[in-house]
Amino acid sequence: MLQRNFSWARRITCLANQSTSRKAITDFHQLHISGRKITEFHLSSIVKICGRVEALQEGRQAHCLVLKLGFNADLILMTTLLDMYSKCTIIHEACRVFDEMPHRDVVVINSMISGLCRCHLPSHAIDLFTKMNQSDRYVGTWNSLISGLGQNSEGRTALIFFGRMRVEDVEVDVMTMISVISICAHMAMIVHAQQVHGLVIKSGFELYLPVGNAIVDMYAKCGCMGDACLCFQNMPFKNVISWTSLISGYAKHGFGVEALKAFQQMEMEGVVPNKITFLGTLYACSHSGLLQE
């Protein structure tokens, strides 16, 4: 029996990892009606899947099973439930799960902050953050708040918290820098952009591909195509996102010839363009009189 339960758990988890989520939900339903024992591992996997595909009805059914089987003290499982409800934008249910948890660790609080921001309640996220003890605020907590504020067009507030993070001597990581770079890009704040770029170099993150892509995009959106091009050229590795950021930047600022040359160079290097790359190139051509090209 234990071996069969493990096989079901492994099967559902594998289906989840392969993005065949609906099949995993069907298999879990078959497991349930078969009368076999449901474990917290089954439930954790299926709740995570329900959150991914926003299958609220199935997620609620799984929640009922959690309560029925007495797994509501399992911190990992309850955190997964909280995350599922927030991804389905049913934030009051996520808050109820959070409030009913007898114990909460930093992962739970990070998930709640992210959920509040996802559901466009940044002020509630800030309230939860400020109620935490300073010693409990790890880099992931700061990242959840800063990223969430940025996604809610609260860029200036996010930068204030980033400043507080630095004052409190919390060590930044790659996710911190990507979030802050993205905020500077969307706000086209060149002074902040240059300061953040300096911090990236100081922290040794400039060689990370996602960080390099974000910096190219940031300078392009700030209108500094010379800096964007220089950062692009200094990247040790490039992917389609790198090229697309450069091409879109050229297109936005009227450098049609440069955008077309970059597109041609991209193809010569064997990088396959995506839809956004094509749109950027077509935009550049149409706004620069390069109709034949």
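**Close-up views of an all-in-one-chain predicted model**

**Figure 1. The surface of the whole chain.** The protein chain exposes about 15500 Å², and carbon and sulfur atoms supply 56% of that area. Keep in mind that this is a predicted model. Of the chain's 293 residues, 46% count as buried. If you laid the C-alpha trace along its principal axes, it would span about 65 × 45 × 30 Å. As for charges, there are 26 positive and 24 negative ones, and their mean positions sit 8 Å apart.

**Figure 2. Helices and how the chain meets itself.** What does the secondary structure come to? The protein chain has 17 helices and 0 strands. Now look at contacts with a separation of 6 or more: residues 24 or more positions apart account for 58% of them.

**Figure 3. Inside the largest nonpolar core.** In soluble globular proteins, nonpolar side chains tend to be buried together. Here the largest nonpolar core has 89 residues. Which residues have the most contacts inside it? They are L43, I181 and M218. Zoom in on L43 and, setting aside residues up to four places away in sequence, you'll find that L43 touches F28, I38, A62, L65, V66, L69, F71 and L77.

**Figure 4. Cysteines without a disulfide.** The structure holds 0 disulfides. C64 is in no disulfide, and the nearest cysteine sulfur, belonging to C50, is 12 Å away. A disulfide needs two cysteine sulfur atoms within 2.5 Å, so that pair doesn't qualify. C117 is in no disulfide either; for C117 the nearest cysteine sulfur is that of C119, 9.6 Å away. Are these two cysteines buried or exposed? C64 is exposed, with a relative accessible area of 52%, whereas C117 is buried, at 2%.

**Figure 5. G115, a glycine in helix α7.** G115 has its place in helix α7, which covers residues 106-118. Its relative accessible area is 0%, so G115 counts as buried. What does G115 touch, not counting residues up to four places away in sequence? The answer is S86 and I91. Another residue to pick out in this view is C88: G115 and C88 are 27 residues apart along the chain, and their C-alpha atoms are separated by 9.7 Å.

**Figure 6. R96 in helix α6.** You'll find R96 in helix α6, residues 91-100. R96 is partly exposed, with a relative accessible area of 44%. Follow the chain from R96 to L82 and you cover 14 residues in sequence. In space, C-alpha to C-alpha, R96 and L82 are 8.5 Å apart.

**Figure 7. Two loop residues with positive phi.** Most residues other than glycine have a negative phi. S153 goes the other way, with a positive phi near 60°. Where is S153 found? S153 is in the loop between α9 (139-151) and α10 (155-167). At 69% relative accessibility, S153 counts as exposed. The other residue here is A188, whose phi is positive too, near 50°. A188 has its place in the loop between α11 (174-187) and α12 (190-203). With a relative accessible area of 41%, A188 is partly exposed.

**Figure 8. I178 and its contacts.** I178 is found in helix α11. Its relative accessible area is 21%, so I178 is partly exposed; the cut-off for buried is under 20%. Which residues is I178 in contact with, once neighbours within four places in sequence are left aside? They are P210 and V211. Look for N143 as well: I178 and N143 are 35 residues apart in sequence, and C-alpha to C-alpha they are 9.8 Å apart in space.

**Figure 9. T281 in helix α17.** The last stop is T281, which has its place in helix α17, residues 275-286. T281 is buried, with a relative accessible area of 7%. What surrounds T281 in this view? Leaving aside neighbours within four places in sequence, T281 is in contact with I247, L260 and F263.

Methods. Residues numbered from 1 in each chain as written. Predicted model: local features only at pLDDT ≥ 70, side-chain atom pairs only at ≥ 80, totals over all residues. Heavy atoms only, no water. Helix = DSSP H or I, 4+ residues; strand = E, 2+ residues; numbered from the N terminus. Buried < 20%, exposed > 50% of the residue type's maximum accessible area, 1.4 Å probe, protein only. Contact = heavy atoms within 4.5 Å. Areas by Shrake-Rupley, 256 points an atom, 1.4 Å probe, with all protein chains shown as cover. Lys, Arg positive; Asp, Glu negative; His and termini not counted. Charge placed at Lys NZ, Arg CZ, Asp CG, Glu CD. Core = buried A, V, L, I, M, F, W, Y, C linked by side-chain atoms within 4.5 Å.
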